[in-house]
Amino acid sequence: MIDKSQKMTRSFIWLNIAQFGGALNDNVFRALVIFFLITLRGTEAASLLNAVVGAIFVIPFLLFMTTAGVLADRFSKRNITVVVKCIETLAMCLAIAAFYFRNEWMAYGVLFLMSTQSALFGPSKYGILPELVGKHRLSRANSLLVLFTYLAIIVGLALAPTVDYALDGNYAMAAVVCLVIAVAGLAAALRIETTPAAGGQRRVSAFILRDIWRTLHSIRHDGFLMLAVIAAAYFLLIGGFVQMNMIPYGIEMLGITQQQSMYVFLLSALGIGLGAWLVGRLSGRNIEFGLVPVGVFGVTVASLGLYVFTDNLAVVCGFVFLLGLSAGFFIVPLESFIQYRSPEKRRGEIIAAKGFLAWVGVLLAAVLIYVFAEIFQLTPAQGFLIVGVTTFVLAIVAFYVLPDFFLRFVVTLLTKLVYRIRVIGRDHVPIEGPALLVSNHVSWVDALLLNATTQRRIRFMMHRKLYEKKWLNPFMRLAGVIPISYQDPPKKILASIEAARAALEDGYMVCIFAEGAVTRSGMLQEFRNGFQRIVRNTDVPVIPVYLGGVWGSIFSYFYGKPMLRWPAMLPYPVSVLFGEPLPPDTPATEVRQKVMELSVDYFNDLKPRRHSVGEEFVITARRHWGREAINDTTGKSLTFGRTLIAATALADLLEEE
């Protein structure tokens with residue numbers, strides 16, 4: 001079930017409908033143009049016409065992408081979307097005339113116009129997402145956008161021949177279908193809420209390559225952003241290569257027809273859409289960069305599989321689907337991160353530079369197909385081998401650059417499999433900027449639970465004894481944990497505090513467990529003074545945190561030494577409550593009081609749900625009063641049939657407390 005905070009706004013839904021119609025029309029109309037030209041020229045010119053149509057479709061993306069970026073930064077992206085859909089509607093009216101009068105050059109011109117409006121739409125389409133959904137919904141918004149884009153590709157490639165066959169080659173009537181799609185897209189665009197201009201000051205320039213170079217040069221200092229731009233462009237290179245290589249692969253390696261090979265390629269498009277949807281489900285509010293290495297390795301495995309297994313159509317279809325699924329896994333985090341990280345006034349410019357590189361990648365894919373086949377005389381399967389090896393090298397680079405992101409994702413995924421985490425007060429956690437989290441300390445996995453609740457990277461302050469354990473230390477270093485101990489000499493303690501302050505200055509959130517140690521009784525202990533020094537003379541907010549239901553987990557001291565028995569249930573229910581931000585000069589006693597108030601909120605939140613989750617109440621009772629207390633309350637030993645009786649008794653006990 002999707003968190004309510006992740007539900008999309010109406011404006012985003014209308015945007016997605018508009019872009020779905022645009023992507024659908026791009027594919028339907030391009031295919032209709034190819035069918036129309038083959039009718040005029042004959043089937044012997046099919047390969048040449050296919051190449052010419054492909055080139056005409058790509059050229060506007062190279063010519064006008066920087067212009068689109070400038071426009072997206074200077075004007076309202078919503079208004080640009082409306083204008084673009086008007087151009088699409090006009091283009092489809094011209095298409096009807098071109099097909100009716102059987103004018104080949106007019107058909108080429110309309111195709112160029114259609115591609116131009118798509119190029120102008122790109123930076124605004126992606127750049128408007130933070131304005132419509134906020135930064136905390138970017139992963140889910142991008143996943144839905146990618147999903148519906150590739151659904152449009154699949155539907156478009158299937159719809160074009162269907163319409164052609166149904167209308168018996170009446171291309172003017174077929175263009176009417178495209179006009180209806182364009183009008184529907186325009187109607188959806190008009191429903192998008194008006195967004196303000198970002199305030200960019202750049203002007204349109206004819207020096208495309210110079211502008212792209214300047215944009216890339218200006219973000220060189222931000223290594224993560226530059227890497228995301230290059231990796232997103234590589235995604236389209238892979239997509240272009242797979243699409244163009246799949247037809248000769250099917251004919252030469254599998255012995256199937258050109259049309260059947262295209263259907264095999266559609267499995268990759270379906271995989272990309274499904275992969276994007278899964279990323280949205282897995283990420284929630286997070287931008288899960290840890291999925292990037294997973295996706296890259298998946299592309300590697302799929303590409304190598306297409307090289308090895310060339311005699312089994314079913315296995316090949318499985319690898320093609322895996323290739324698309326893996327590509328969807330890494331494109332959504334990259335697109336989300338580019339939108340998140342780019343400065344607001346330059347977001348369109350940076351997205352345009354990424355788009356330009358991506359379409360250069362499509363042209364490069366065509367060049368690679370030619371070089372592999374004509375110059376080196378390689379088979380299509382060997383072409384996939386080269387792509388797989390190249391991607392493997394990039395996977396190694398991704399692991400080298402993003403090891404902490406990957407580790408964080410894996411740990412978060414495992415944590416969510418073991419625990420069912422309810423988050424209350426998530427809006428109190430800032431989307432960006434520094435903050436000091438002060439939490440109670442109930443178990444040895446408290447840091448993992450907190451890490452799984454927010455998209456932000458948290459720098460934890462942990463006891464030095466735990467930090468220095470040999471088997472944990474590499475992971476602690478990778479996660480950027482700050483060691484501290486109250487037994488440290490003053491200079492060492494001061495160094496730890498300075499490290500925490502430096503992390504806050506870099507924009508991180510820092511978390512400290514102010515009790516100093518994991519509780520042995522389940523009761524909130526005194527907060528140690530000292531964490532105030534981390535935020536002294538700053539404007540960094542202090543956010544109280546309460547971990548509810550963790551006392552009773554096998555990682556706590558409820559049963560004695562941790563991890564000496566099996567968990568009571570899987571996934572284990574816990575809650576994480578974030579309180580309202582406090583000023584940085586708030587005393588430790590007051591912060592502790594706020595955490596205690598959150599504990600009351602936790603129990604009050606449990607009581608109204610006792611009849612639907614009676615077993616959870618029994619577990620909660622055992623944590624706080626022990627098994628014997630509940631047995632005495634019911635008068636008998638616990639059985640499943642008496643669970644609700646015990647739950648009711650617990651509710652009464654809670655009210656008395």
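**Helix packing and local features of the predicted model**

Helix α6 contributes Leu138, Ser139, Asn142, Ser143 and Val146 to a contact with helix α12, where the partners are Ile331, Val332, Glu335, Ser336, Gln339 and Tyr340. By class, five nonpolar, five polar and one charged residues take part in this contact of α6 with α12. The model in which this packing is described is a predicted one. Two packed helices are described by the angle between their axes and the distance between the axes. For α6, which spans residues 138-166, and α12, which spans residues 313-341, the axes come within 9 Å and cross at roughly 125 degrees. Angles over 145 degrees count as roughly antiparallel and those from 65 to 115 as roughly perpendicular; α6 and α12 are therefore oblique to each other. The crossing in which α6 passes α12 is right-handed.

Helix α12 also packs against helix α13, formed by residues 347-375, at an angle of about 150 degrees and with the axes 9 Å apart. This angle makes α12 roughly antiparallel to α13. On the α12 side the contact involves Glu335, Ile338 and Gln339, and these residues meet Arg347, Ile350, Ile351 and Lys354 of α13. The residues of the contact of α12 with α13 comprise three nonpolar, one polar and three charged. Glu335 and Gln339 of α12 are thus listed in the contact with α6 and also in the contact with α13.

Glutamine 339, a residue of α12, was examined individually. Glutamine 339 counts as buried because its relative accessibility is 1%, against a limit of under 20% for the buried class. With its neighbours within four places in sequence left aside, glutamine 339 is in contact with Tyr126, Leu129, Pro130, Leu138, Asn142, Arg347 and Ile351. Of these partners, Leu138 and Asn142 belong to the α6 side of the α6 and α12 contact, whereas Arg347 and Ile351 belong to the α13 side of the α12 and α13 contact.

Phenylalanine 372 is located in α13. Its relative accessibility is 11%, so phenylalanine 372 counts as buried. When residues up to four places away in sequence are not counted, phenylalanine 372 touches Phe241, Gln377, Leu378, Gly383 and Ile386. For one of these partners, glycine 383, the C-alpha atom is separated from that of phenylalanine 372 by 6.6 Å, and the two residues are eleven residues apart along the chain.

A further buried position is found in helix α19, residues 490-505, which contains serine 496. With a relative accessibility of 5%, serine 496 counts as buried. Its contacts, not counting residues up to four places away in sequence, are with Met461, Arg464, Ile482, Pro483 and Ile484.

Several loop positions were also characterised. Alanine 197 is situated in the loop between α7 (171-190) and α8 (208-218). Alanine 197 counts as partly exposed because its relative accessibility is 44%, a value that lies between the limits of under 20% for buried and over 50% for exposed. Alanine 197 touches Arg74, Phe75 and Ser76, residues up to four places away in sequence not being counted. The C-alpha atoms of alanine 197 and serine 76 are 4.2 Å apart in space, while the residues are 121 residues apart in sequence.

Two loop residues that are not glycine adopt a positive phi. For arginine 102 the value is about 55 degrees, and this residue is found in the loop between α3 (77-100) and α4 (104-127). For asparagine 537 the phi is about 60 degrees, and its place is in the loop between α20 (532-535) and β6 (542-548). Asparagine 537 counts as exposed, since its relative accessibility is 77%.

At the level of the whole protein, 24 helices and seven strands are present. Of the 657 residues, 55% are buried. Among contacts with a separation of 6 or more, 81% are accounted for by residues 24 or more positions apart. The exposed area of the protein is about 29,300 Å², of which carbon and sulfur atoms supply 63%.

Note on methods. Residues are numbered from 1 along each chain as its sequence is written. This is a predicted model: local features need pLDDT of at least 70, side-chain atom pairs count only at pLDDT 80 or more; totals for chains, interfaces and linings use all residues. Side-chain values use heavy atoms; hydrogens and water are left out. Helices (H or I, at least four residues) and strands (E, at least two) are DSSP runs, numbered from the N terminus. Buried means under 20% relative accessible area, exposed over 50%, partly exposed in between (1.4 Å probe, protein chains only). Contact means heavy atoms within 4.5 Å. Accessible areas come from the Shrake-Rupley method with a 1.4 Å probe; for residues, only the protein chains shown count as cover. Axes are lines fitted to C-alpha atoms, for helices over the stretch in contact, and angles run from 0 to 180 degrees between N-to-C directions. Angles under 35 degrees count as roughly parallel, over 145 as roughly antiparallel, 65 to 115 as roughly perpendicular and the rest as oblique. A crossing is left-handed if the near helix is turned anticlockwise from the far one by less than a right angle, and right-handed if clockwise. Ala, Val, Leu, Ile, Met, Phe, Trp, Tyr, Cys and Pro count as nonpolar, Asp, Glu, Lys and Arg as charged, and the others, Gly among them, as polar.
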